[in-house]
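Here are a few exercises to work through with the sequence and the model side by side. Try each task yourself before reading its solution.

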Amino acid sequence: MSIEGKVKNLLNKNAEIKSGGGEKAVAKQKAQGKLFARDRIDALLDKGSFEEIDLFVEHDCQEFGMEKKVLNSDGVITGFGRINGRRVCVFAQDFTVAGGSLGIMHARKITKMMDLAARMDAPLIGINDSGGARIQEGVNSLAGYGEIFFRNTRYSGVIPQISVIIGPCAGGAVYSPALTDFVFTVDGISKMFITGPEVIKTVLGEEITMEELGGARTHCTVTGNAHFIAKDEKECFEQIRKLHSFLPSSFNKKSIRKKPKEPLNSFDIEKVMPSDPKKPFDVKELIKSLVDSSDFLEVQEHFAPNVVVGFARLYGQSIGIVANQPAYMAGVLDVNSSDKAARFVRFCDAFDIPLLTLVDIPGYLPGVDQEYAGVIRHGAKLLYAYSEATVPKLTLILRKAYGGGYIAMCSRHLGADFVYAWPTAEIAVMGPEGAANIIFRAEISAAADPELARREKVNEYTEKFCNPYVAASMGHIDGVIDPAETRKKLVRALNFARNKKDELPKKKHSNIPL
Amino acid sequence: MTEKSILNVDYTQYETTLSPAFLNRKNYQAPDPTMVKAMIPSVVVDIFVKPGDKVKKDDKLLTMEAMKMKNDTFSPLDGKVESITVKKGDRVAKGQLLIRLKHA
């Protein structure tokens with residue numbers, strides 16, 4: 001064969017393999033509102049930037065008639081490319097080929113990308129759309145999954161790892177996304193569960209639809225397994241590109257600094273907050289009036305809404321924000337919000353992203369169900385995460401900071417570098433009502449008019465302790481600031497912290513309560 | 001945000017939105033040993049007592065089948081069987097009442 005012939009042969013093979021499961025299968029995929037795997041990669045990455053790896057890998061299964069089957073790309077497309085000019089590694093499972101099922105060669109294509117990403121300091125993005133293990137390959141498919149999970153773990157904290165669930169992701173397969181940093185879902189398309197509805201019905205007699213059990217909304221609101229939800233695939237890829245813009249490419253690189261931009265609206269505390277500290281306000285409005293371009297990318301918006309976490313820029317620098325949300329459950333900390341905030345704090349610390357904590361917390365949510373659910377060990381995670389974090393830590397106390405909540409929300413004592421408070425801050429061991437009931441109990445019950453005595457004690461306590469000045473007098477906070485100067489103070493503190501040096505004591509690794 | 005409710009934290013009442021989980025919570029009830037309940041969704045395979053029977057602690061009351069395993073349920077106390085609310089072959093939910101006992 002001539003050289004020209006051989007090249008032509010190659011191009012034909014390329015086209016054949018790139019057709020995936022064939023026209024009919026691709027049409028079926030599209031009919032379900034899902035994109036073809038190759039189109040997904042094109043939608044995610046910068047136009048024309050995708051370099052495919054392992055196009056010619058084939059499955060090696062000789063059982064169950066598999067030796068006669070040709071599975072193009074062995075059901076997964078792998079390679080590298082760019083997002084906003086920055087390098088990333090990507091894999092996309094192809095549902096049109098054997099249901100995107102995972103066999104050992106399919107898995108090894110993925111692990112090759114994982115190793116490449118870690119070696120080349122590039123984030124890894126995995127697009128999951130698979131029926132699960134390829135049963136015909138038996139234990140080899142389990143081996144494949146194991147090799148992936150091992151690398152998800154080993155590379156955790158080395159490079160950002162992002163999972164996209166745009167199709168089924170069932171059984172053991174779910175553990176890969178669970179081990180990654182962020183999970184993206186699409187409403188109506190994502191399905192994620194260990195055991196599906198049919199098995200649950202047969203074995204336990206519980207009836208539930210696939211969507212209710214493991215759909216996008218369930219994972220974004222109930223289980224906390226997912227971090228983002230989009231209305232369609234296009235929006236999902238936009239969200240991924242947006243998240244990526246805040247992150248560095250690896251743990252030893254800094255995130256890109258952009259040009260500083262002012263927030264879109266000016267900040268007016270009287271418009272943002274009610275004067276009655278027992279009335280709610282939306283802390284997201286405050287966040288938007290402080291950050292560059294009022295651009296805040298919230299993470300896990302629908303899970304544990306009583307704490308708000310997400311990314312923004314302050315004077316061009318990427319930061320992670322953690323804030324109590326008084327508008328929801330009075331901004332208390334509980335099991336789910338502690339988990340949500342702690343994981344976010346540890347991610348930011350792993351990737352050198354400074355933290356800004358906004359505090360307005362009345363305490364932890366009381367109740368037997370919280371206690372039985374382990375609010376003690378879950379709550380401990382947040383204290384742990386903040387104490388362990390060596391990134392610059394800025395804290396702003398807006399209103400209430402009572403008791404354990406004061407400590408947990410990145411207080412000076414957990415290593416915050418700069419702690420400011422507004423004049424409306426109330427930094428106290430407990431709220432005035434609680435104080436009256438405990439500290440002054442004897443006095444109140446002995447009084448001629450206990451109700452009047454109680455109100456007097458509440459007022460006395462409020463006067464003396466429900467302010468930031470007692471804490472300021474001990475240096476537990478660095479200053480009480482005029483709310484109108486908030487952004488200026490935060491920007492100066494953040495810029496000053498740029499060269500922070502902080503190291504943990506030498507150890508093999510820590511033992512975070514789980 | 002949806003309409004405002006009150007959440008009491010350490011004796012202080014805060015105006016806020018309550019979560020569905022909080023609104024639907026069941027207040028804790030101390031377990032009542034005279035109510036023998038199913039620990040897991042299961043099927044009643046065998047019942048070894050009838051109303052009026054005297055029972056001693058750890059006497060076998062019923063056998064339930066769940067997750068392909070047979071699970072025996074034993075009496076938590078010395079007493080009498082007051083009533084049985086299931087029959088052989090019934091599929092029961094977790095927490096469903098099976099037998100009511102009376103202390104001796």
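**Exercise 1: a strand in the middle of things**

In strand E14 (residues 393–402) of chain A, 10 of the 10 residues are buried, so the strand is largely enclosed by the rest of the structure. Buried means under 20% relative accessible area, exposed over 50%, and partly exposed in between (1.4 Å probe, protein chains only). Helices (H or I, at least four residues) and strands (E, at least two) are DSSP runs, numbered from the N terminus.

Before going on, note that this is a predicted model, in which local features need pLDDT of at least 70 and side-chain atom pairs count only at pLDDT 80 or more, while totals for chains, interfaces and linings use all residues. Residues are numbered from 1 along each chain as its sequence is written, chains are lettered from A and ligands numbered from 1 in the order in which they are written, and side-chain values use heavy atoms, with hydrogens and water left out.

*Task.* Find the strands that pair with E14(A), and give the sense of each pairing.

*Solution.*
1. Two strands pair if DSSP finds at least two bridges between them.
2. Strand E13 (residues 355–361) of chain A is parallel to E14(A), with six bridges; here Leu358(A) stands opposite Leu396(A).
3. Strand E15 (residues 418–421) of chain A is also parallel to E14(A), joined by four bridges, and Leu396(A) has Tyr420(A) as its bridge partner there.
4. Between E14(A) and E15(A) the chain passes through helix H16 (residues 403–408) of chain A, in a right-handed β-α-β crossover. Right-handed means that, with the strands pointing away from the viewer, the path from the first strand over the helix to the second runs clockwise.
5. Strand E16 (residues 426–428) of chain A adds a parallel pairing with E14(A) over three bridges, where Lys400(A) is partnered by Glu426(A).

**Exercise 2: a sheet in chain B**

*Task.* Which strands are the edge strands of the open sheet in chain B?

*Solution.*
1. Write down the order of the four strands, E7-E6-E4-E9 (chain B), with antiparallel pairing.
2. Look for strands that pair on one side only: these are E7 (69–74) and E9 (91–92) of chain B.
3. Then inspect E4 (residues 42–47) and E6 (residues 60–66) of chain B, which are joined by four bridges; Val43(B) has Glu65(B) as its partner.

**Exercise 3: where the chains meet**

*Task.* Describe the interface of chain A and chain B, and find its salt bridge.

*Solution.*
1. Count contacts (heavy atoms within 4.5 Å): 30 residues of chain A touch 23 residues of chain B.
2. Take the buried area, the accessible area (1.4 Å probe) that two parts lose on being put together, summed over both. The two chains bury about 2200 Å², 65% of it on carbon and sulfur atoms.
3. Leu204(A), Lys278(A) and Met329(A) supply 24% of the area that chain A buries against chain B, more than any other three residues.
4. Apply the salt-bridge rule: a side-chain nitrogen of Lys or Arg within 4 Å of a carboxyl oxygen of Asp or Glu. The count between the chains is one, and the pair is Lys279(A) with Glu15(B), at 3.0 Å between the closest N and O atoms.

**Exercise 4: a long-range pair**

*Task.* Why does the salt bridge between Asp46(A) and Arg241(A) tie together parts far along the sequence?

*Solution.*
1. The closest N and O atoms of Asp46(A) and Arg241(A) are 3.0 Å apart.
2. Asp46(A) lies in the loop between helix H3 (37–44) and strand E1 (51–53) of chain A, and Arg241(A) in helix H10 (residues 233–246) of chain A, so the parts tied together are 195 residues apart in sequence.
3. Asp46(A) is buried, with a relative accessible area of 19%.
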